[in-house]
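These are my notebook entries on a protein–DNA model. I set down what I looked up, topic by topic.

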Amino acid sequence: MSTRDWILHVDLDQFIAAVELLRHPELRGKPVVVGGSGDPTQPRTVAATATYEAREHGIHSGMPLRTALKRCPEAVFLPSDPPAYEAASERVMATLRDFPVRLEIWGWDEAFIGATTDDPEALAADIQHAVRARTDLSCSVGIGDNKHQAKLASGYAKPAGIYRLTSENWAEAMNDRPTDALWGIGARISKKLAGLGLHTVAQLAAADPAHLAEHFGPTNGPWYRYLALGKGEAEVVTTPWIARGHSRETTFQRDLTDKTDIAHHIATLADQVAQDAIEADREVTRVSVKVRFTPFLTRTRQSKLPVPTTDPGTITEAALTILDRFDLTRPVRLLGVAVEYTLPQE
DNA sequence: TCTGGGGTCCTAGGACCC
DNA sequence: TCTGGGGTCCTAGGACCC
């Protein structure tokens, strides 16, 4: 076997549920649902994740907790605890960093690795053993020529397995699959593609790029075909990610109708976002306000600040001015404030 | 199934300027 | 007076992902 570059995708299995089961070993083997404050009678709260035992009752992430409770009254509901997941994630990433590889972290529970080796499966197995030894967590590892292939490969590898998906076996593994199996094509685009007679990955790969550009734009159209051919980014970026922006939003359990009340909540969110920006040492260039009306109509308004700032007063005032541009005659179920940061060295 | 929270990127249309 | 074409910036919304 010859030495060459590979991309590995490390994906922790059932990450949030696994962390919770380490803290509550007595719940192993039981249906467990994690989400919100852990109260399944609370409206407008959804599951962050569900264990395999809970999934057998038809429960899945994104499902309202009240629905989950109806489907499985004996399920155990736990509150979501982001700091605990953050801490567990850091232990995993520290473990990966000890390997002589290039590491790109992609959130709490996944990372891409660039490695030069003649045996990527052996490296993958070493990684799995190290992660299990150091954190008691299990992961799946996908191996590919690029990130797209490696990402899909880790899906095939689940749970706790290793799978290699390269240009060699791409067609065999992917050609008959629906287009939304590709990483970057979701339900909407897949449906639109089906409307053009493109149902499978093979059909999308054989489509005319110009025709795709007509329907999906000059960048996206050809990009979808590119994905269907198994191509993708192969560069592992080891420098830490610089956030483009930041936001905070709240869904209220009971609708807001009072304008003073709404303005008060917007001011609070804006101040939080400003404090976050100060803590992150980033300047804000743009402020946007999000309002979701009942039943589920979402609208956003934004404006660019005359001068980048971190001043909470300025950011809050901007958010309140933007809020004035909304028609607030309908009941409101969600409010949000988002900011865009200036990018360094620009 | 009455549908969270936090991100990223792309597109399209209008304003404005030359 | 009327009109062209291009470039850039701003804003709103859509789609995707975890």
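**DNA strand B.** I looked up the residues around DNA strand B and found 23, of which R244, H246, S247, E249 and T251 come nearest; a residue is near a strand if one of its heavy atoms lies within 4 Å of it. The model is predicted: local features need pLDDT of at least 70 and side-chain atom pairs count only at pLDDT 80 or more, while totals for chains, interfaces and linings use all residues. Residues are numbered from 1 along each chain as its sequence is written, chains are lettered from A and ligands numbered from 1 in the order in which they are written, and side-chain values use heavy atoms, with hydrogens and water left out.

I asked which part of DNA strand B faces the protein: of its atoms within 4 Å of the protein, 80% belong to sugar or phosphate and the rest to bases. I then noted polar contacts (pairs of N or O atoms within 3.5 Å; within protein, one must be able to donate a hydrogen and the other to accept it, and residues adjacent in sequence count only if both atoms are side-chain atoms). A polar side-chain atom of R333 is 2.6 Å from a phosphate oxygen of DNA strand B. A polar backbone atom of T219 lies 3.1 Å from a phosphate oxygen of this strand, and a polar side-chain atom of N220 is 3.4 Å from a sugar or linking oxygen.

Strands β9 (245-256) and β12 (332-341) each supply at least two residues of the surface near DNA strand B; helices (H or I, at least four residues) and strands (E, at least two) are DSSP runs, numbered from the N terminus. The largest share, seven residues, comes from β9. I recorded the classes as seven nonpolar, ten polar and six charged residues, where Ala, Val, Leu, Ile, Met, Phe, Trp, Tyr, Cys and Pro count as nonpolar, Asp, Glu, Lys and Arg as charged, and the others, Gly among them, as polar.

**DNA strand C.** I found 19 residues surrounding DNA strand C, the closest being K151, R188, R286, Q302 and K304. Of the strand's atoms within 4 Å of the protein, 95% belong to sugar or phosphate and the rest to bases. A backbone N or O atom of I189 is 2.8 Å from a phosphate oxygen of DNA strand C. Side-chain N or O atoms also take part: that of W183 lies 3.3 Å from a sugar or linking oxygen, and that of R299 lies 3.4 Å from a phosphate oxygen.

Which elements supply this surface? I noted that α8 (187-195) and β11 (297-309) each give at least two residues, with the largest share, six residues, from β11. The classes are five nonpolar, five polar and nine charged residues.

**Helices α10 and α11.** I looked up the packing of α10 (residues 209-216) on α11 (residues 220-228): the angle is about 130° and the axes are 6 Å apart. Axes are lines fitted to C-alpha atoms, for helices over the stretch in contact, and angles run from 0 to 180 degrees between N-to-C directions. The angle therefore makes α10 oblique to α11; under 35 degrees counts as roughly parallel, over 145 as roughly antiparallel, 65 to 115 as roughly perpendicular and the rest as oblique. In α10, P209, L212, A213 and F216 meet N220, G221, P222, Y224 and R225 of α11, contact meaning heavy atoms within 4.5 Å.
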